[in-house]
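Me: Could you take a close look at how the charged side chains sit in this model, and what lies around them? Please keep it informal and give me the cut-offs as you go.

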Amino acid sequence: CVLVYHDVHDEALLEQQLNVEISQLATAARAAYQMLIAVNLTQNTYHMLEYERPQVRRPDDDGSFDELIAFELADYRDEFIGKFRRSALISTYLRGERIVTMEVPHLGEDGEYHWNYTQVVRVESPYTDDLIEITLSRNIDEERRIREETIEKERRTKQILEEALDKAEKASKAKSDFLSRMSHDIRTPLNAIMGMTELALMNTGDEAKVREYLKTIAGSGGRLLQLINEVLDVSKIESGTFELTEQEIDLYELVDEAADMMRVAIEKRKQTLSVDVEKDMHSMVSADAGRLSQILENVLSNASKYTEEGGAISLAVRELKREENELGTYQFIIED
């Protein structure tokens with residue numbers, strides 16, 4: 001009898017300890033999850049153990065599992081049904097898998113979407129051979145908010161880096177194009193200075209010629225200084241742009257200076273350059289002298305380049321419209 005008494009007493013202690021552990025487990029689960037559901041897949045029934053989702057409409061505490069799935073149907077319909085309908089869960093568990101998970105969105109009664117991380121876990125029961133599972137679901141609105149903010153920050157950072165890289169590549173290309181163009185433009189006034197200097201040294205006894213040569217040298221020197229200043233202007237190099245500067249100029253003088261600057265190079269190729277500027281046009285205009293000279297010099301240079309040795313090049317200027325008082329339209333014609 002004493003032995004029997006101790007066996008019964010030990011069994012009572014074990015049962016009491018088991019009940020305490022089950023109670024602690026249930027308390028922990030209720031604290032961690034807002035929804036707990038016990039489901040008998042074989043019988044197609046469920047029992048609500050815990051439901052604390054105030055924003056989302058509550059289902060019945062007991063009922064058909066199929067009806068519960070229809071009630072809980074989320075926006076991600078295909079994925080939700082593919083994972084959580086009764087036949088899908090049964091197939092999953094019979095394959096040996098024990099847990100099915102999904103982040104499930106629900107449109108709450110407050111008009112906002114609320115996200116829940118749902119786990120459906122198969123459990124073994126010593127009292128039945130039925131297929132049993134427990135559904136555990138917890139709200140992850142805050143987690144998703146932090147995740148989305150992190151993703152957005154990463155997206156913005158990536159966008160900023162891509163824009164910076166694109167800007168750097170464009171600046172590098174603009175710098176390369178700018179310097180390439182300037183290296184070509186600088187040769188024109190430099191060649192003129194060297195050519196006119198050589199001619200001046202050869203004609204030191206002819207004061208009139210030397211004065212004319214020095215005039216061309218001075219004009220070419222000013223043009224060269226303007227180009228060098230542009231090369232040193234880093235902001236223009238990186239942007240690949242420039243601003244037009246208006247100043248009062250005399251088209252007769254500008255065309256003569258551009259022709260004189262190119263004449264040495266043209267004559268070295270045994271070519272002839274003729275200039276014909278309309279005599280009675282309005283020659284005093286507001287324009288960017290440097291840019292206009294640059295255009296004329298580049299086109300004349302190309303004309304000389306693609307004209308055979310001994311060929312002829314001509315530059316003509318015409319005023320097309322005279323009826324407007326403050327605005328003139330001029331035509332520059334270069335033939336080779």
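Reply: Buried means under 20% relative accessible area, exposed means over 50%, and partly exposed is anything in between (1.4 Å probe, protein chains only). This is a predicted model, with local features needing pLDDT of at least 70 and side-chain atom pairs counting only at pLDDT 80 or more, while totals for chains, interfaces and linings use all residues. Residues are numbered from 1 along each chain as its sequence is written, and side-chain values use heavy atoms, with hydrogens and water left out.

Let's start with the salt bridges (a side-chain nitrogen of Lys or Arg within 4 Å of a carboxyl oxygen of Asp or Glu). Searching the whole structure turns up 18 of them. One to zoom in on is Glu-103 with Arg-144, where the closest N and O atoms are 2.7 Å apart. Glu-103 lies in strand E4 (residues 99-107) and Arg-144 in helix H5 (residues 141-202), so this pair ties together parts that are 41 residues apart in sequence. Helices (H or I, at least four residues) and strands (E, at least two) are DSSP runs here, numbered from the N terminus.

How covered are the two partners? Glu-103 is partly exposed, with 25% relative accessible area, whereas Arg-144 comes out as buried at 15%. The pair also belongs to something wider: Glu-103, Arg-144, Arg-147 and Glu-148 are linked in a network of salt bridges. Glu-103 has another contact in space to look at, since its C-alpha is 6.6 Å from that of Trp-115, although the two residues are 12 apart in sequence.

Two other salt bridges can be set beside that one. Arg-95 pairs with Glu-97, with 3.4 Å between the closest N and O atoms. Arg-95 is exposed, at 57% relative accessible area, and Glu-97 is partly exposed, at 39%. Glu-124 pairs with Arg-122, and here the closest N and O atoms are 3.8 Å apart. Glu-124 is exposed, again with a relative accessible area of 57%.

Now for charges without a salt bridge. Glu-212, Glu-253, Asp-256 and Glu-257 gather in a patch of negative charge on the surface. A patch takes residues with over 30% relative accessible area and no salt bridge, and joins like charges within 9 Å. Asp and Glu count as negative, Lys and Arg as positive, and His and the chain ends are not counted. The place of a charge is CG for Asp and CD for Glu. Helix H8 (residues 251-268) gives the most to this patch, with three residues. Asp-256 is found in that helix, H8, and is partly exposed at 40% relative accessible area.

Just past that helix is Lys-270, in the loop between H8 and strand E8 (272-277). Lys-270 is exposed, with 59% relative accessibility. Its backbone is worth a look too: Lys-270 has a positive phi of about 60 degrees although it is not a glycine. Asn-44 also has a positive phi, near 60 degrees, and is likewise a residue other than glycine. Asn-44 sits in the loop between strand E1 (35-40) and E2, and it counts as buried at 16% relative accessibility.

On the far side of strand E2 (45-51) comes the loop that leads to strand E3 (62-64), and Gln-55 has its place there. Gln-55 is partly exposed, at 29% relative accessibility. Gln-55 and Glu-109 are 54 residues apart in sequence, yet 5.7 Å apart in space from C-alpha to C-alpha.

For contrast, here is an uncharged contact. The count of aromatic pairs is one, using rings of Phe, Tyr and Trp (its six-membered ring) whose centres lie within 6.5 Å, with planes under 30 degrees apart called stacked, over 60 edge-to-face and the rest tilted. The ring centres of Phe-80 and Phe-84 are 5.3 Å apart and the planes stand at 80 degrees, so the pair is edge-to-face. Both residues are in helix H3 (residues 77-84), four residues apart, or about one helical turn. Phe-80 is buried, at 4% relative accessibility, and Phe-84 is buried too, with a relative accessible area of 4%.

Key:
Patch = residues over 30% accessible without salt bridge, like charges linked within 9 Å, V, L, I, M, F, W, Y side chains within 5 Å. Areas by Shrake-Rupley, 256 points an atom, 1.4 Å probe, with all protein chains shown as cover.
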